[in-house]
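Trainee: Could you take me through one part of this model in detail? I'd like to look at the salt bridges, and then at what sits around them.

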Amino acid sequence: MLFHMIAGGPRPVAPFSHAVESGGFVFITGQMPDTPAAPGVLPDGIAAQTGNVMENLGTVLRGLGLGLEHVLVARAYLAHFREDYDAFNAAYRAYFPVDRLPARTCIGVTGLAYDARVEIDLIARRPRVA
């Protein structure tokens with residue numbers, strides 16, 4: 001098992017690794033909508049927050065030599081589910097080709113760190129080397 005912290009990656013809000021890797025699977029910790037340049041500062045609105053979360057996830061993936069094309073599963077957590085669901089889906093969808101959407105669960109929650117509106121974690125898989 002490998003425990004990864006990505007240089008220049010998002011600042012952890014709790015004691016965790018950015019990702020844990022085992023058997024070719026990569027489990028990426030849920031990311032928040034702040035940025036490494038402004039930890040704890042969140043943009044307004046679900047679309048902007050979703051964009052920041054996806055960029056943070058991309059930073060972790062790139063730090064591991066992977067990309068969104070390697071994502072198998074996404075789990076999204078929305079603090080304002082009814083209010084944000086449609087706009088979240090529109091922002092999220094823009095990061096994946098229409099014929100290459102990962103399996104996904106989206107859950108309404110009562111709260112997130114930093115009073116964020118969204119958090120997303122991922123499961124990716126490294127390509128097999130022939």
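Mentor: Here is the overall layout, followed by the salt bridges and their surroundings.

This is a predicted model, so a caveat goes first: local features need pLDDT of at least 70, side-chain atom pairs count only at pLDDT 80 or more, and totals for chains, interfaces and linings use all residues. Numbering starts from 1 along each chain as its sequence is written, and side-chain values use heavy atoms, with hydrogens and water left out.

The chain has 2 helices and 6 strands, taken as DSSP runs numbered from the N terminus (helices are H or I with at least four residues, strands are E with at least two). Read from the N terminus, the order is β-β-β-α-β-α-β-β. The radius of gyration is 14 Å, which agrees with the value near 14 Å for a compact globule of 130 residues; that radius is taken over C-alpha atoms, and the globule rule is 2.2 Å times the number of residues to the power 0.38. Along the principal axes, the C-alpha atoms fill a box of roughly 45 × 35 × 20 Å.

Now the part you asked about. The structure holds 4 salt bridges, each being a side-chain nitrogen of Lys or Arg within 4 Å of a carboxyl oxygen of Asp or Glu. Take R126 and E21, whose side chains meet at 2.5 Å, N to O. R126 lies in the segment after β6 (118–125) and E21 in strand β2 (residues 19–22), so this pair ties together parts that are 105 residues apart in sequence. For burial, the cut-offs on relative accessible area are under 20% for buried, over 50% for exposed, and partly exposed in between (1.4 Å probe, protein chains only). By that scale R126 is partly exposed, at 27%, while E21 is buried, at 9%.

Next comes R75 with D121, where the closest N and O atoms are 2.8 Å apart. This pair links distant parts of the chain too: R75 is in strand β4 (residues 71–78) and D121 in strand β6, 46 residues apart. R75 counts as partly exposed at 31% relative accessibility, whereas D121 is buried with a relative accessible area of 10%.

Then look at D84 and R117, with 2.7 Å between the closest N and O atoms. D84 sits in helix α2 (residues 81–93) and R117 in the loop between β5 (103–108) and β6, so to speak bridging distant parts of the chain, 33 residues apart. Both D84 and R117 are buried. E83 joins in as well: E83, D84 and R117 are linked in a network of salt bridges.

The loop that carries R117 has some backbone oddities. Y114 lies in the loop between β5 and β6, with a positive phi near 65 degrees in a residue other than glycine. D115 is found in that loop between β5 and β6, and has a positive phi of about 60 degrees although it is not a glycine. Y114 is partly exposed at 28% relative accessibility, and D115 is exposed at 68%.

What about the nonpolar side? The largest nonpolar core has 25 residues, and I28, L61, F88, I120 and L122 touch the most other members. Such a core is a set of buried Ala, Val, Leu, Ile, Met, Phe, Trp, Tyr and Cys residues joined through side-chain atoms within 4.5 Å. At least two residues come from each of β3, α1, β4, α2 and β6, and α1 supplies the largest share, 6 residues. In soluble globular proteins, nonpolar side chains tend to be buried together.

Contact here means heavy atoms within 4.5 Å. Leaving aside neighbours within four places in sequence, L122 is in contact with V26, F27, I28, L57, L61, L68, V71, V73 and A74. T50, in helix α1 (residues 46–63), is buried at 0% relative accessibility. With the same neighbours within four places left aside, T50 is in contact with F88, A91, Y92 and V118.

For the chain as a whole, buried residues make up 42% of the 130 residues. Of the contacts with a separation of 6 or more, 69% are between residues 24 or more positions apart.
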